[in-house]
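Please walk through the model below with a view to its enclosed spaces, its open pocket and its DNA-facing surface.

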2 protein chains.
Amino acid sequence: MAVCHDSFVKPDRDRPGASRVLASVGRTRPRQRTSDRVYEELASAIRDLRIPPGASLSETELAEQLHVSRTPLREAIVRLVETGLVSVVPQVGTRVELIRLDDVEQARFVRESLETAAFAEACAKPVRDVSALRDLLAEQERCHARGDIDAFFAADEALHEQIFAISGYLGAWQVMQPMKMHLDRLRRLSLPEPHTVQALIAEHTAIVDALEAGDAAGGREHLIRHARRVQNTAPALQAQYPEYFSS
Amino acid sequence: MAVCHDSFVKPDRDRPGASRVLASVGRTRPRQRTSDRVYEELASAIRDLRIPPGASLSETELAEQLHVSRTPLREAIVRLVETGLVSVVPQVGTRVELIRLDDVEQARFVRESLETAAFAEACAKPVRDVSALRDLLAEQERCHARGDIDAFFAADEALHEQIFAISGYLGAWQVMQPMKMHLDRLRRLSLPEPHTVQALIAEHTAIVDALEAGDAAGGREHLIRHARRVQNTAPALQAQYPEYFSS
DNA sequence: ACCGCCATACTTGTATTCAAGAATTCCAGC
DNA sequence: GCTGGAATTCTTGAATACAAGTATGGCGGT
């Protein structure tokens, strides 16, 4: 597999960057590929624990259940393997990885580092429009009131994403998503507790207040406590659902 | 594409987590898949600019050049698309993305945030063995002396990775790799300047010194300056190689 | 009853084929 | 010479077929 140096490149007839701009402007083209649909389907199913940790997956079975062939399904699997949520042993099988507390700890570190840094950047902005964040807080209250955990989950995500958007580093939030799924599975286990949701909303409020006040240090403390809340419930959850955890 | 709730799961005969431990212990099994080799080959070629930004790729041509079929090649392409370095438009073509300064800025933010956080964690360790770091500094001097840019590149990477290893958050370094390739391409453009390498080594030395002294604040400053050094050369590089840049 | 062996079924990896669509090229007409 | 249109070629997407290897289950011997 030696690389033939210049032969990778194919001579371009027109200017290289031209078509990309068109692709992002003209929205008619990118009808979602089958592989993407399958990935979204599987990723959300794993994140929501509809496919529990440790479950065996069969490419052929999954393919016929989703009414696709193995080819796009495998491309989705490849992306899931990249995240570390799925492992595949050749000629043996594919399975959803168990929750490894080390992975969770690594993900917590990444999230905490990026989120506190983004918050600091957001606080440094001369104007900070927190109205969208206030709306999301109200939405979270409504979800809590009617007991809609899925909707709360979404609003929770949206609030944190909005902080990155204000900071100007939304790209950092996006690249964090695959790794964050390790945290999401743990959070999904802990969410059913009603007082947990209430505590989360209180913390969200404190974070938004700190951002509005430009209190970088205070916000940082709230964010760290927030990020570690789920982490702290890990031992209890492992005791309650031992079959979902590794080691 | 509705999800049939329980039907994803296949009944397990034995305990779910058992085989994974075996797979990581017994090293005979995982002979590298073709898809992985192809990915490594393409990723390094793109990172080293052997495949320049904006180059068109043809699945069929690449497949026959690498002596593989399109199937494993496409799986490698999927992973490259995930990193944002390659874009593929159905029925039109696949190309290596141009260097977008916004992507570079997002990557710089992620790297700076994680690296300063990891450095702080490393400084908090009661014992910090910097001997491996000293060895890498010496190695970098040797590479600089004999003008081996590729080897210097590798030793540079190894030093930063070692800092994460000391901090206990090596996983954070690993998940950062795909995004970091955006920075690597820019760095590759700037490396040929001899004084650049010398300046990098000096900064590396300062960083290691700070870690040995447990000087978290000082190390942070050096790391930030270090991360932004390449970033600062971006305008000049864009002027020199305009065909490699977007917008 | 237990152990070992062999056949079978099932798993993923890879190659090949078919399909759909876009871009280019060539040729006819003006 | 220029313009328009149709055919050809090249692109990726998806499905199918083939290959290699593993685990399982049954069967025969001990």
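How much space lies in the largest cavity? About 150 Å³ of space lies there, where a cavity is, on a 1 Å grid over the protein atoms alone, a set of points where a 1.4 Å probe fits but cannot get out, and a volume is the space filled by probe spheres set on the points, which are joined across faces, edges and corners. The model is a predicted one, in which local features need pLDDT of at least 70 and side-chain atom pairs count only at pLDDT 80 or more, while totals for chains, interfaces and linings use all residues. Residues are numbered from 1 along each chain as its sequence is written, chains are lettered from A and ligands numbered from 1 in the order in which they are written, and side-chain values use heavy atoms, with hydrogens and water left out.

By the cavity rule, the count comes to two cavities of 30 Å³ or more. The largest cavity is lined by residues of chain B, among them Arg108(B), Arg111(B), Glu115(B), Asp156(B), His160(B) and Asp184(B), a lining residue being one with an atom within 4 Å of a point. Two or more residues of this lining come from each of helix 5, helix 7 (149-167), helix 8 (170-190) and helix 10 of chain B, where helices are DSSP runs of H or I with at least four residues, strands are runs of E with at least two, and both are numbered from the N terminus. The lining divides into four nonpolar, two polar and six charged residues, with Ala, Val, Leu, Ile, Met, Phe, Trp, Tyr, Cys and Pro taken as nonpolar, Asp, Glu, Lys and Arg as charged, and the others, Gly among them, as polar.

The second largest cavity holds about 130 Å³ of space, and its lining includes Arg111(A), Asp156(A), Arg187(A), His226(A) and Gln231(A). Helix 10 of chain A gives the most to this lining, with four residues, and by class the lining has four nonpolar, two polar and three charged residues.

The second largest pocket draws on both chains: helix 5 (101-124) and helix 10 (216-232) of chain A, and helix 5 (101-124) and helix 10 (216-232) of chain B, each supply at least two lining residues. A pocket is an open set of grid points with protein on both sides within 12 Å along at least five of seven lines. About 530 Å³ of space lies in this pocket, and of its 25 lining residues, Thr116(A), Arg220(A), Thr116(B), Ala117(B) and Arg220(B) lie nearest its centre.

Turning to the DNA, 23 residues are around DNA strand C, each with a heavy atom within 4 Å of the strand; Arg74(A), Gln91(A), Thr34(B), Ser69(B) and Thr71(B) come nearest. Of the atoms of DNA strand C that come within 4 Å of the protein, sugar and phosphate account for 65%. A polar side-chain atom of Arg74(A) lies 2.2 Å from a phosphate oxygen of the strand, the corresponding distance for Thr94(A) is 2.8 Å, and for an N or O atom in the side chain of Ser69(B) it is 2.6 Å. The surface near DNA strand C has eight nonpolar, nine polar and six charged residues.

Finally, confidence: chain A averages a pLDDT (the predictor's confidence in each residue, from 0 to 100) of 89, and 87% of its residues score at least 70. Among the elements of chain A, helix 4 has the highest mean, 98, and helix 1 (residues 18-25) the lowest, 32.

Key
Polar contact = N/O pair within 3.5 Å; in protein donor to acceptor, adjacent residues only side chain to side chain.
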